[in-house]
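Trainee: I'm new to this one and would love a close look at one part of it. Could you walk me through the empty space inside?

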Amino acid sequence: MNATSLILEPRQETTDMDVVLFDLGQEETVIHCEGNMSEYGKVYGSFRLNYNSDRLSGFFTSQGRGVVDENTTFAGAGVGTWTREGSKIQMTEVDLVDNGTQNLYKMTLDTMAKKLSISAYIIK
């Protein structure tokens, strides 16, 4: 491996989450999702997308909560960038979970289908 290579292992299988709400605004859009992620259980997430001047890209922050069972829960927060082409939004995020794990998420939001496809990779 050379100094410019980065090899990431998947944390779990790619997951599809359902978008339950688009909260549209002039300065930002907030997207609320839910779904099942094998590593984190039933997951609820919010993504706060801020617009660049082109309104086709920007940065975002996120909050997520996972519930595995009545005694096992997770909380995570992240930051990333997004770009939109047509009805699809590509998102890349670095996330820190309260159990100490860190993930790189590559996501595609299909606004027509109201689905968020998430691929999670291990950073730590």
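What is the mean pLDDT of the protein chain, and what share of its residues reach 70 or more? After that, please take me to the largest cavity: how much space lies in it, and which residues are closest to its centre?

Mentor: Sure, let's start with confidence, since this is a predicted model. The mean pLDDT of the protein chain is 95, and 98% of the residues reach 70 or more. If you go element by element, strand β6 has the highest mean, 98, while strand β8, residues 115-122, has the lowest, at 96.

Now for the cavity. Rolling a probe the size of a water molecule over the atoms shows where empty space is left. Counting cavities of 30 Å³ or more gives 1 here, and the largest cavity holds about 250 Å³ of space. Its lining is made of 20 residues, and the ones closest to the centre are Met37, Val43, Gly64, Asp95 and Tyr105. Click on those five and you'll have found the spot.

Who builds the wall? Strands β3 (41-50), β4 (57-69), β5 (72-85) and β6 (88-97) are the elements that give two or more residues to the lining. The largest share, 5 residues, comes from β4. As for chemistry, the lining has 11 nonpolar, 6 polar and 3 charged residues.

Since β4 gives the largest share, let's see how that strand is held by its partners. β4 pairs with β3 in the antiparallel sense, over 8 bridges. β4 also runs antiparallel to β5, and 12 bridges join those two. A good residue to follow across is Ser62 in β4: it stands opposite Phe47, and in β5 its bridge partner is Gly78. Have a look at the turns, too. The hairpin of β3 and β4 has 6 residues between the strands, and Arg55 there takes a positive phi near 60°. The hairpin from β4 to β5 goes through 2 residues.

While you're here, compare the cavity with the largest pocket, which has a volume of about 200 Å³. The pocket's lining has 14 residues, and Leu24, Thr29, Tyr51, Arg84 and Ile89 lie nearest the centre. β5, which you met in the cavity wall, supplies at least two residues of this lining as well, as do β1 (15-24) and β2 (28-37). By class, the pocket lining comes to 8 nonpolar, 4 polar and 2 charged residues.

Last, let's go back to β3, one of the cavity's wall strands, and check its charged ties. Side chains of opposite charge can pair when their charged atoms come close. The structure holds 3 salt bridges. One of them joins Arg48 to Glu28, with the closest N and O atoms 2.5 Å apart. Arg48 lies in β3 and Glu28 in β2, so this pair ties together parts that are 20 residues apart in sequence. Arg48 is partly exposed, at 38% relative accessibility, and Glu28 is partly exposed as well, at 22%. Another salt bridge is Glu34 with Lys42, where the closest N and O atoms are 3.7 Å apart. Glu34 counts as partly exposed at 27%, and Lys42 has a relative accessible area of 27%. Then there's Asp18 with Lys115, at 2.3 Å between the closest N and O atoms. That pair links distant parts of the chain, Asp18 in β1 and Lys115 in β8, 97 residues apart.

Technical notes: Residues are numbered from 1 along each chain as its sequence is written. This is a predicted model: local features need pLDDT of at least 70, side-chain atom pairs count only at pLDDT 80 or more; totals for chains, interfaces and linings use all residues. Side-chain values use heavy atoms; hydrogens and water are left out. On a 1 Å grid over the protein atoms alone, a cavity is a set of points where a 1.4 Å probe fits but cannot get out, and a pocket is an open set with protein on both sides within 12 Å along at least five of seven lines; lining residues have an atom within 4 Å of a point. Grid points are joined across faces, edges and corners, and a volume is the space filled by probe spheres set on the points. Helices (H or I, at least four residues) and strands (E, at least two) are DSSP runs, numbered from the N terminus. Ala, Val, Leu, Ile, Met, Phe, Trp, Tyr, Cys and Pro count as nonpolar, Asp, Glu, Lys and Arg as charged, and the others, Gly among them, as polar. Two strands pair if DSSP finds at least two bridges between them. pLDDT is the predictor's confidence in each residue, from 0 to 100. A salt bridge is a side-chain nitrogen of Lys or Arg within 4 Å of a carboxyl oxygen of Asp or Glu. Buried means under 20% relative accessible area, exposed over 50%, partly exposed in between (1.4 Å probe, protein chains only).
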